[in-house]
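Trainee: I have a structure to read and many terms to pin down. Can we go through it together?
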Amino acid sequence: MVDPATPAIPMRVGKSERNGMTDIAALIGRIFISGVFIISGIGKIGAPTATMAFISSVGLPFPQLGLTIGILVETVVTAAFLVGYRTRMMAAIIVVYCFATAIFFHNAWSDVNQLMHFWKNMTMAGGLMQVIAFGAGRYSLDAFRT
């Protein structure tokens with residue numbers, strides 16, 4: 001007799017069910033996601049005046065604060081995310097950053113380029129939410145902490 005409480009197809013959840021490919025994919029995903037942020041952060045460090053002018057051009061106050069936040073998220077938080085240190089929290093911070101930059105900087109949807117940048121940010125946020133849901137995998141500092 002079949003027990004109705006037992007699923008017909010076994011659920012595959014938890015660390016014990018992970019295989020090597022899953023952890024490699026998680027690492028490669030973190031590398032790919034991090035790339036765009038780190039490059040952008042380095043650009044902000046190299047051209048702070050241009051970045052503050054862009055922040056001001058969309059009507060946001062305190063461009064110096066915006067620059068500082070941008071540099072911190074795109075370099076420090078992203079570096080922590082990349083190596084897998086408190087990965088879920090770092091991913092959540094970057095998700096908020098993606099939403100904020102999409103809303104404040106890519107809201108001219110009649111411009112196809114800005115619409116694509118908006119959806120690029122939403123796509124990155126979606127990928128980061130997957131990391132929040134499933135974690136960093138074995139190849140991360142988080143794995144050593146547990």
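Mentor: Start with surface. Accessible areas come from the Shrake-Rupley method with a 1.4 Å probe, and for residues only the protein chains shown count as cover. By that method the chain exposes about 9300 Å², with carbon and sulfur atoms supplying 74% of it. This is a predicted model: local features need pLDDT of at least 70, side-chain atom pairs count only at pLDDT 80 or more, and totals for chains, interfaces and linings use all residues. Residues are numbered from 1 along each chain as its sequence is written, and side-chain values use heavy atoms, leaving out hydrogens and water.

Trainee: What makes a stretch of the chain count as a helix or a strand?

Mentor: Both are DSSP runs, numbered from the N terminus: helices are H or I with at least four residues, strands are E with at least two. This chain has six helices and zero strands.

Trainee: Why is Tyr139 called partly exposed?

Mentor: Buried means under 20% relative accessible area, exposed means over 50%, and partly exposed lies in between (1.4 Å probe, protein chains only). Tyr139 has 36%, so it is partly exposed. Tyr139 sits in the loop between helix H5 (112-134) and helix H6 (141-145).

Trainee: What makes the nonpolar surface patch with Tyr139?

Mentor: Patch residues have over 30% relative accessible area and no salt bridge (a side-chain nitrogen of Lys or Arg within 4 Å of a carboxyl oxygen of Asp or Glu). Like charges are joined within 9 Å, and nonpolar side chains (Val, Leu, Ile, Met, Phe, Trp, Tyr) within 5 Å. Here Met21, Ile24, Ile28, Ile31, Phe32 and Tyr139 make a patch of about 610 Å².

Trainee: How do you know that the span of H1 agrees with what is expected?

Mentor: The expected span is 1.5 Å times one less than the number of residues. For the 27 residues of H1 that gives 39 Å, and the end C-alpha atoms are 39 Å apart, so the two agree.

Trainee: Where is the kink in H1 centred?

Mentor: On Ser34, with a kink of about 30°. The bend at a residue is the angle between axes fitted to the seven residues ending there and the seven starting there. Ser34 is also among the buried residues of H1.

Trainee: What do the buried residues of H1 pack against?

Mentor: H2, H3, H4 and H5. Contact means heavy atoms within 4.5 Å.

Trainee: And where is H3 kinked?

Mentor: The kink is about 30°, centred on Val73. Val73 is one of the buried residues of H3. Just after H3, Gly84 takes a positive phi of about 80°.
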